[in-house]
Amino acid sequence: MKTRFLISIALLLILALQLKAQDKTTTLTVNLGKYGMGKVVRLEGTNFRQEISTEKTRTATFTFPLEHGAYFTLHIDLSVNELYLKPDTDLILTVTPDEKGEYSLQHLEFIYEGSNANDNQYLNTCQLEFMTDADFLLGEKEYLKKLAQLETRNRKVIQRCGLDKTFEEKELLRNYYKLIEPATRYPIQHFWEGGNRVHVMYLPEEDSPIVKAFVKKQLVDDETYWNCKAYRNYVKNAIGILSLDDLGDDWEVRAQKRVKLLLTYFKSPQIIEDMVHEMALACIEGSQGAPLKSVQQIYDKYVTKPAYKEELETVFSSWRKMQAGAALASADVPYIDIEGKPVSLDVLKGKYVYIDVWATWCGPCRGELPYLKKLEKQFEGKNIHFVSISLDARKKDWIQMVEKEQLGGIQLWGGPEALIVRDYNITGIPRFILLDREGKVIDSNMSRPSDEATLKTLKGLEGI
């Protein structure tokens, strides 16, 4: 009887511990204080993304499950700050001006409160040193010597910060691989002008053997390392450069070589699966949606996660939408015109459509406006619509720009979540798309108005 009682108690304790583990959460509170901007606060992490509007309260509170300590990025306007959040721990950030009473729009300063305030203050104020483009011009031995010197210096700085020991270990590993990652680019960039400007692209005969040997030695078949984002990035770039022996290889051959090398250094199923998935995605992007061919067989052998397979199909589907002759995706979804009326791109069928995806805060986008106006004037009365879709978060910024610059064509607002961004994998703006008279894609990555090729292409359209 006593034994049964003890077993029951033990089972109850185990169940309680499991329930407690499942209930672990973290809370981040961001107080904008007197900072006059910041209408939206966004927090991003691995498999996590959440936005909170702060227009009314000037405060954003994020509460979500968190099993282990993890890195996140906080986005407020143009400011990006690194954070480290822990389970069952609250962190409070209050935006504060610098010593001059000003706010740095690219990297806001905060007052940190909470048990891990010190760790997060370190993340955003600690001055570590890393390699620069000019260092690529050093000889191999000199380059590696400087790497070692900076590693020693950074290690001492981190160890003097009084960090939580578990967090300190993570930081030493993360910053080590962040420091040495440029070594994966040395075999190419050592031969570039100034270390950062391409004046000739070739693989030299000597091929940087000393640096490549160093790069190989830093590959560790350890899933603990693999949980570090900086290490994952290092491995991806290391495999890329170590397998590169012919710049003329197509994407299928490159992927085959990378997988072969990957299997030489790694046996961990998780690392192999993650890397093969990344390689397949790179292959699709590089070949602009072409079939994987032999790479598909490799993928099917090593990748089993349903989420990965779903992502692969999503990427393929995205490229199919972008291929010439495909109907414009989400053409029936309405955008908002300058008068506040809904307008879908479907209603523009019958004429060619030249789409400009842009935003008021984008310098290169604004730089194209005079050229776009010139095109609109040259094709006035012709069989073509010029459509501009704004991704601005604040509609009033878009309206002010349209009115101030007297922008022509069809001006529409979609906001940062506009479906055209997702449908056409838009990661940078401005982005231009050309449609035929039936609403089908002619070119999903059309040249800019400032490019002479644009005028030539538009003039050559049948029935323009």
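In this briefing, a residue counts as partly exposed when its relative accessible area lies between the buried limit of under 20% and the exposed limit of over 50%. Arg 394, at 29%, is therefore partly exposed. Welcome to a predicted model of a protein with 16 helices and 15 strands. The notes below go from the whole protein to a helix, a set of salt bridges, a loop residue and a surface patch.

**Overall picture**

- The protein has 464 residues, and 42% of them are buried.
- Its C-alpha atoms fill a box of roughly 90 × 60 × 60 Å along the principal axes.
- The accessible surface comes to about 25300 Å², and carbon and sulfur atoms account for 52% of that surface.
- If you take the contacts between residues at least 6 apart in sequence, 65% of them join residues at least 24 apart.
- The protein carries 61 positive and 66 negative charges, and the mean positions of these two sets are 1 Å apart.

**Helix H2 and its surroundings**

- Helix H2 covers residues 117–125, and its buried residues are Ala 117, Asp 119, Asn 120, Tyr 122, Leu 123 and Asn 124.
- An α-helix has 3.6 residues a turn, so residues three or four places apart point the same way.
- On the strand side, the buried residues of H2 pack against S5 (70–76), S6 (79–85), S7 (89–96) and S8 (109–113).
- Two helices also pack against these buried residues of H2, namely H3 (140–159) and H4 (165–180).

**Salt bridges**

- Side chains of opposite charge can pair when their charged atoms come close.
- Across the whole structure, a search finds 20 salt bridges.
- Asp 397 forms one of them with Arg 394, with the closest N and O atoms 3.0 Å apart.
- Asp 397 is partly exposed at 21% relative accessibility, and its partner Arg 394 is partly exposed at 29%.
- Elsewhere, salt bridges that share partners join Arg 42, Glu 44, Arg 49, Glu 51 and Glu 417 into one network.
- Within that network, Glu 44 forms a salt bridge with Arg 42, where the closest N and O atoms are 2.7 Å apart.
- Glu 44 also forms a salt bridge with Arg 49, this time with the closest N and O atoms 3.3 Å apart.
- Glu 44 is partly exposed, with a relative accessible area of 22%, and Arg 49 is partly exposed as well, at 48%.

**A buried loop residue**

- Asn 383 sits in the loop between helix H13 (363–378) and strand S12 (384–390).
- Its relative accessible area is 17%, which is under 20%, so Asn 383 counts as buried.
- Beyond its neighbours within four places in sequence, Asn 383 is in contact with Gly 350, Lys 351, Tyr 352, Arg 437, Gly 463 and Ile 464.

**A nonpolar patch on the surface**

- Met 37, Leu 78 and Leu 105 make a nonpolar surface patch of about 280 Å².
- Leu 105 is found in the loop between S7 and S8, two of the strands that the buried residues of H2 pack against.
- With a relative accessible area of 40%, Leu 105 is partly exposed, and it can belong to the patch because patch residues need over 30%.

Definitions and conventions:
Residues are numbered from 1 along each chain as its sequence is written. This is a predicted model: local features need pLDDT of at least 70, side-chain atom pairs count only at pLDDT 80 or more; totals for chains, interfaces and linings use all residues. Side-chain values use heavy atoms; hydrogens and water are left out. Buried means under 20% relative accessible area, exposed over 50%, partly exposed in between (1.4 Å probe, protein chains only). Helices (H or I, at least four residues) and strands (E, at least two) are DSSP runs, numbered from the N terminus. Contact means heavy atoms within 4.5 Å. Accessible areas come from the Shrake-Rupley method with a 1.4 Å probe; for residues, only the protein chains shown count as cover. Lys and Arg count as positive and Asp and Glu as negative; His and the chain ends are not counted. The place of a charge is taken as NZ of Lys, CZ of Arg, CG of Asp or CD of Glu. A salt bridge is a side-chain nitrogen of Lys or Arg within 4 Å of a carboxyl oxygen of Asp or Glu. Patches are made of residues with over 30% relative accessible area and no salt bridge: like charges are joined within 9 Å, nonpolar side chains (Val, Leu, Ile, Met, Phe, Trp, Tyr) within 5 Å.
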